[in-house]
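Dear colleague,

I am passing on the structure we talked about, and you will find it just below. My notes on what was found in it follow, and I would be glad if you read them with the model open beside you.

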Amino acid sequence: MDVLIEFGKILIPASIVLYLAYLLVRMFIEKEIELKKLEVRSRSIETLLPNRLQAYERMTLFLERISPQNLLVRLNAPGMPAREFHQLLLAEIRNEYNHNASQQVYMSEEVWNLLKGAKEELIVTINDASSEMGPESSSLDLSKKIFEKSVNKPVDPMAHALTELKKEIQRIF
């Protein structure tokens with residue numbers, strides 16, 4: 001029995017010391033893991049932040065390029081038939097959108113939907129204006145009709161999307 005008591009006197013303190021050593025090592029390892037995670041997150045932000053800012057810049061440029069006042073002036077060719085100009089406008093909007101579609105991964109779903117909605121609203125406006133054109137109408141006639149329809153809208157979808165895009169940029173940066 002004395003042997004068991006002597007063995008217990010050695011085993012119990014040794015077990016406590018071993019358990020405390022285990023806890024210290026575990027705590028140290030957890031801290032190291034947290035520091036590594038923080039370091040990885042910091043490096044990720046350093047890489048992601050410039051890409052995200054560039055995405056916002058590109059989408060701002062997208063909205064500016066497809067806004068009716070810029071799009072119609074940039075693409076209008078005197079003497080072009082309205083039907084041909086209509087197709088040219090739609091192709092340009094599609095190309096601009098397709099060129100920038102990958103930028104959606106860097107922005108919120110809400111802002112991306114506003115950008116898409118502004119593009120779709122412009123397409124609807126162009127199609128509506130085109131449907132009111134006669135066979136002899138020129139690109140200038142179509143441009144006037146698109147401007148007229150754009151001005152008569154209660155809310156400018158391009159300006160609203162741009163405002164929300166800027167707000168998101170300000171929230172992030």
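How much accessible surface does the protein have, and what percentage of it belongs to carbon and sulfur atoms? Please bear in mind throughout that this is a predicted model. The accessible surface comes to about 11,600 Å², and carbon and sulfur atoms account for 61% of that area.

As to the fold, the protein contains six helices and zero strands, so that reading along the sequence gives the pattern α-α-α-α-α-α.

The overall dimensions deserve a careful look, since the C-alpha trace spans about 115 × 25 × 25 Å along its principal axes. The radius of gyration is 32 Å, whereas a compact globule of 173 residues would have one near 16 Å. Of these 173 residues, 30% count as buried. Among the contacts with a separation of 6 or more, 75% are made between residues that lie 24 or more positions apart in the sequence.

Turning to charge, the protein carries 22 positive and 24 negative charges, and the mean positions of the two sets are 1 Å apart.

One stretch is annotated: an unreviewed UniProt entry places the feature "transmembrane region" at residues 12–29. In the model that span is 100% helix and 0% strand, and its end C-alpha atoms lie 26 Å apart.

With best wishes

Conventions: Residues are numbered from 1 along each chain as its sequence is written. This is a predicted model: local features need pLDDT of at least 70, side-chain atom pairs count only at pLDDT 80 or more; totals for chains, interfaces and linings use all residues. Side-chain values use heavy atoms; hydrogens and water are left out. Helices (H or I, at least four residues) and strands (E, at least two) are DSSP runs, numbered from the N terminus. The radius of gyration is taken over C-alpha atoms; the globule rule is 2.2 Å times the number of residues to the power 0.38. Buried means under 20% relative accessible area, exposed over 50%, partly exposed in between (1.4 Å probe, protein chains only). Contact means heavy atoms within 4.5 Å. Accessible areas come from the Shrake-Rupley method with a 1.4 Å probe; for residues, only the protein chains shown count as cover. Lys and Arg count as positive and Asp and Glu as negative; His and the chain ends are not counted. The place of a charge is taken as NZ of Lys, CZ of Arg, CG of Asp or CD of Glu. UniProt positions are given in the numbering used here, feature names are shortened, and annotations may be inferred rather than shown by experiment.
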